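Welcome! Grab a pencil and work through a few short exercises, each with its solution.

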Amino acid sequence: YKHFRLQVLQRDKFACKMCGAKGKKTRLNVHHIHTWAHAGALRYEVSNGITLCYSCHKSITGKESHYVSYFLNLLDE
């Protein structure tokens, strides 16, 4: 998991892909686009991860399925 997390953070340039927050004081999370529980084969695929700050990650909690297309589009930009 540590390797997966680092690869996602590096790809996203250590910045939240939703709001752009970055810096040492920003608490960054690596979020699984397709959930850990429902997409076992994608758990460590970098393309299934996205960097979110703590606030953005908290704002999508419980609504993850509504954000799949949005996150995939963000990564395509």
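The exercises below deal with a predicted model.

**Exercise 1.** Find which residues of helix H1 (residues 2-11) are buried, and work out how they are placed around the axis.

*Solution.*
- Step 1: Start with the list. Phe 4, Val 8 and Leu 9 are the buried residues of H1.
- Step 2: Look at their directions. These residues cover an arc of only 130° around the axis, so they sit on the same side of H1.
- Step 3: Recall a general rule. An α-helix has 3.6 residues a turn, so residues three or four places apart point the same way.
- Step 4: Turn to the other side of H1, where Lys 2 and His 3 are exposed.
- Step 5: Ask what lies over the buried residues. Their cover includes S1 and S2.
- Step 6: Finish just past the helix. Right after H1, Lys 13 has a positive phi of about 55°.

**Exercise 2.** Decide whether His 32 is buried or exposed, and list which residues it contacts beyond its neighbours within four places in sequence.

*Solution.*
- Step 1: Locate the residue. His 32 belongs to strand S1.
- Step 2: Check the accessibility. His 32 has a relative accessibility of 11%, and buried means under 20%, so His 32 is buried.
- Step 3: List the contacts. Setting aside neighbours within four places in sequence, His 32 touches Tyr 1, Phe 4, Arg 43 and Asn 48.
- Step 4: Link back to the helix. Phe 4, one of these contacts, is also one of the buried residues of H1.

**Exercise 3.** Count how many disulfides there are, then examine Cys 16 and Cys 19.

*Solution.*
- Step 1: Recall what is being sought. A disulfide is a covalent bond between the sulfur atoms of two cysteines.
- Step 2: Apply the cut-off, which asks for two cysteine sulfur atoms within 2.5 Å. The count is zero disulfides.
- Step 3: Take Cys 16. The nearest cysteine sulfur belongs to Cys 56 and is 3.8 Å away, and Cys 16 is in no disulfide. Cys 16 is buried because its relative accessible area is 4%.
- Step 4: Take Cys 19. Its closest cysteine sulfur, in Cys 53, is 3.7 Å away, which is too far for a bond. With a relative accessible area of 48%, Cys 19 is partly exposed.

**Exercise 4.** Find which residues make the nonpolar surface patch of about 340 Å², and place Trp 36.

*Solution.*
- Step 1: Name the members. Tyr 1, Trp 36 and Tyr 44 make the patch.
- Step 2: Place Trp 36. It lies in the loop between strand S1 (28-32) and strand S2 (49-53).
- Step 3: Classify it. Trp 36 is partly exposed because its relative accessibility is 36%.

Technical notes
Residues are numbered from 1 along each chain as its sequence is written. This is a predicted model: local features need pLDDT of at least 70, side-chain atom pairs count only at pLDDT 80 or more; totals for chains, interfaces and linings use all residues. Side-chain values use heavy atoms; hydrogens and water are left out. Patches are made of residues with over 30% relative accessible area and no salt bridge: like charges are joined within 9 Å, nonpolar side chains (Val, Leu, Ile, Met, Phe, Trp, Tyr) within 5 Å. Accessible areas come from the Shrake-Rupley method with a 1.4 Å probe; for residues, only the protein chains shown count as cover. A salt bridge is a side-chain nitrogen of Lys or Arg within 4 Å of a carboxyl oxygen of Asp or Glu. Helices (H or I, at least four residues) and strands (E, at least two) are DSSP runs, numbered from the N terminus. Buried means under 20% relative accessible area, exposed over 50%, partly exposed in between (1.4 Å probe, protein chains only). The arc is that of the directions from the helix axis to the C-beta atoms. Contact means heavy atoms within 4.5 Å.
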